[in-house]
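Take a walk through this chain with the structure open beside you. Begin with the interior, then move on to the sheets and a few single residues.

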Amino acid sequence: MAITAVGEIDAKTGKSLKDKVLCRVFSEDYERTRNKILDPRGQSIHQWSKIFLAACLVSLFIDPLFFYLPIANDDMCINIGLSLETTLTIIRSVVDVFYVIHIFVRFHTAYVAPSSRVFGRGELVIEPSKIAVRYLHKTFWIDVIAALPLPQILIWLIIPNLGGSMVTDTRTVLPFVILFQYLPRLYLIFPLTSQIVEATGVVTETAWAGAAYNLLLYMLASHVSGAIYYLLSVQREIDCWKSVCKVENCQNGYFDCHSVQDPARVAWLNSSNVTNICNPNNNFYQWGIYVTALQAGATSSAFPNKYFYSLWWGLQQLSSVGQNLNTSSYVGEIIFTIITSTQGLVLLSLLIGNMQRYLQATTMRLEEWRVKRNDTEQWMHHRQLPPELRDSIRKYDQYKWLATKGVDEEAILHGLPMDLRREIKRHLCFDLVRKVPLFDQMDETMLDAICERLKPALCTKGLFLVRESDPVNQMLFIIRGHLDSYTTDGGRTGFFNSCRIGPGDFCGEELLTWALDPRPSVTLPSSTRSVKAITEVEAFALIADDLKFVASQFRRLHSKQLRHKFRFYSHQWRTWAACFIQAAWRRHKKLKETAHLTVHEPGVPQRGSFWSSYAESLVASTRLSIKCKQKSGTDSGTVSSLEKPDEPDFFLHER
């Protein structure tokens, strides 16, 4: 029977319940400070993967350089470049340390339990014994083979203690050892790249870096092909020397530069015809694809010369898929040519595809915009649009591209979580919305809710944001630019009112009055003014449905000051107030003149009769105005006939 208290012993397994619980955890519950097990999805493993990937690429570059150790001297002997050998040994030893560290990291990296991958990211197995067993059964031995310093041991410990020619042993054994270890190191690149892609989605952050990475891999393949080509060129030259040696009955040790002063070798070299037979400019021997390297003296040149020549050969053959290679009848040479051609075909196809994808990613939106612009031009030509409309469309497209670079901001925001979307909207709109006088009394919670519903709007010079008498479907808050707002009072003859609005102003306030009306109405209000852009304009728009929410926020304020502020900044109210004041002043002037004439008429000498006459005229004028309005609804003869705007109800009443 198991004891269920935490920290006590389970009778079946003998382990504490706390240890059993800590065998599996989620990433967010994992305490890294108390455990020496790394989270495979953590930032530390992500950084190490990138570092180890760079180390793997360096090692894949270093190992083929060992093929350049043999040097074919003009004295018909093979020597080993000691300085190059020392340098490569030091660099490779440093790189091997990263492989050892990688093994240590793998033993201390948790893994996701397969049984927990039902939904989400799964649980992490952090028990060291289970991690070790799983790693030993998977890629441990591949990592060990890749980490062994085999070339260093072979060059500095084994070959010097072997009998026979050291150069011959080095030349024959070392390439096979390097190729044997090169394949596991090359294999490690693929799961490492997949791990980085799984964690971040991409190997490189930018498109240009991705294109450079693929080009680097292609150059690495050219580097390997060139190194093998150089080694096989030296091998072909030695084969020629050995063929002559068989005929003339000499020793293979003569081709070691350590025996260059041997009298028997000197005598044989003077009496032999090996110099003429093994001359690459003659046709006595089948040189095949290696004749160009031998004629150029690449096998006896300094390291920079032979390296860049071999790199160029590899790059040339991979790019041309080996089309200019003329082989001899040697089977090994033909196999190498087939491998080079096939490798070039595959790698060139991958390079072109990847480079095209990465480079197109940098200009994709620009190309889409160009295609869309060409389609627009064809459509305008097909529909025979007048030149002024075409210019307006072109200006709008150009201005929209400059403002957004072809990015659909609403689509991007729509795919994000609500809280993150709210934070982004706050960053973009909060300070701008607070500058709008109608919103400056709201608290941050209300402003955040308004920012979340704002949508960007653009308008080029000369275009109308809204026309008089058209339905108003959105309220605009100007952020940048200036507009001309004017009205003719529904086309009334002789009436025209105009003003300029700019940043911080708003238009479409008729929609706010409609949204504040407690009686629901489907019909949108009509605009009382026309608003035309004088310059390029950027604004935020609130559509009718969202404005109802904003109206409910206004009702929560219970402020008379908000009503007065709306009247002050509303151009519809300001126009009506100006017209009302003008009409009242004109009526006052007219009544004053009438009273003055009445006072000065003969037979009316009473004192104070001016004010009495003025009062009578005012009462008569008011009665006449009421009768006219009751009959016709308007008075086309006076400016005071401009209809008073509807009163916005900012108060929350019980209805």
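**Into the core**

The largest nonpolar core of this predicted model has 37 residues. Those with the most contacts inside the core are Phe66, Tyr68, Leu69, Leu88, Leu174 and Trp241. Start with these six names, then look at the elements around them. Six elements give two or more residues each to this core: strand 3 (78-80), helix 3 (82-107), helix 6 (150-158), helix 7, helix 8 (207-248) and helix 12 (303-320). Which element gives the largest share? Helix 8 does, with nine residues. There is also a second, separate core. This one has 25 residues, and Met446, Val472, Met475 and Ile479 are among them.

Now step back to the whole chain. The chain holds 22 helices and 13 strands. Of its 655 residues, 40% are buried. Take the contacts in the chain with a separation of 6 or more: residues 24 or more positions apart account for 73% of them.

How far can the model be trusted? The mean pLDDT of the chain is 75. A pLDDT of 70 or more is reached by 73% of the residues. Over residues 1-13 the pLDDT is below 50. Beyond near neighbours in sequence, that stretch has 19 contacts in the model. Over residues 15-21 the pLDDT is again below 50. Here the model has 15 contacts beyond near neighbours in sequence.

**Two open sheets**

Turn to the strands. One open sheet is formed by four strands in the order 6-13-8-11, with antiparallel pairing. Why do strand 6 (455-459) and strand 11 (506-507) each have one side without a neighbour in the sheet? They stand at the edges, and each has a single partner strand, so one side of each is left open in this way. Look at the pairing of strand 6 with strand 13 (residues 537-543): five bridges join the two, and they run antiparallel. One place to find this pairing is Lys455, whose bridge partner in strand 13 is Ala541.

Another open sheet of four strands has the order 7-12-9-10. Its pairing is antiparallel. At its edges are strand 7 (464-466) and strand 10 (497-501), each pairing on one side only. Ignoring direction, neighbouring strands of this sheet are turned by 25° against each other on average.

Follow strand 12 to see how this sheet is joined. Strand 12 (residues 530-533) pairs with strand 9 (residues 483-487) over four bridges, in the antiparallel sense. Ser485 stands opposite Val531 in strand 12. Tyr486 stands opposite Ser530, also in strand 12. Strand 12 pairs with strand 7 as well, over two bridges and again in the antiparallel sense. There, Phe464 stands opposite Lys532 in strand 12. As you trace these strands, keep one general point in mind. In a regular strand, side chains alternate between the two faces of the sheet.

**Single residues worth a stop**

Go back to the helices. Thr193 is in helix 7 (residues 166-200). Is Thr193 buried or exposed? Its relative accessibility is 18%, so Thr193 counts as buried, the cut-off being under 20%. A polar atom of its side chain lies 2.7 Å from the backbone oxygen of Ile189.

Val144 is in helix 5 (residues 140-147). Its relative accessible area is 22%, so Val144 is partly exposed. Where should you look next from here? Find Ile103, which is 41 residues from Val144 along the chain. The C-alpha atoms of these two residues are separated by 7.7 Å.

Finish in two loops. The loop between helix 13 (331-382) and helix 14 (387-404) holds Gln384. Gln384 is not a glycine, although it has a positive phi of about 55°. At 59% relative accessibility, Gln384 counts as exposed, because exposed means over 50%. The other loop lies between strand 7 and strand 8 (474-480), and Ser469 is found there. Ser469 also has a positive phi, of about 80°, although it is not a glycine.

Note on methods. Residues are numbered from 1 along each chain as its sequence is written. Side-chain values use heavy atoms; hydrogens and water are left out. pLDDT is the predictor's confidence in each residue, from 0 to 100. Contact means heavy atoms within 4.5 Å. Two strands pair if DSSP finds at least two bridges between them. Axes are lines fitted to C-alpha atoms, for helices over the stretch in contact, and angles run from 0 to 180 degrees between N-to-C directions. Buried means under 20% relative accessible area, exposed over 50%, partly exposed in between (1.4 Å probe, protein chains only). A polar contact is a pair of N or O atoms within 3.5 Å; within protein, one must be able to donate a hydrogen and the other to accept it, and residues adjacent in sequence count only if both atoms are side-chain atoms. A nonpolar core is a set of buried Ala, Val, Leu, Ile, Met, Phe, Trp, Tyr and Cys residues joined through side-chain atoms within 4.5 Å.
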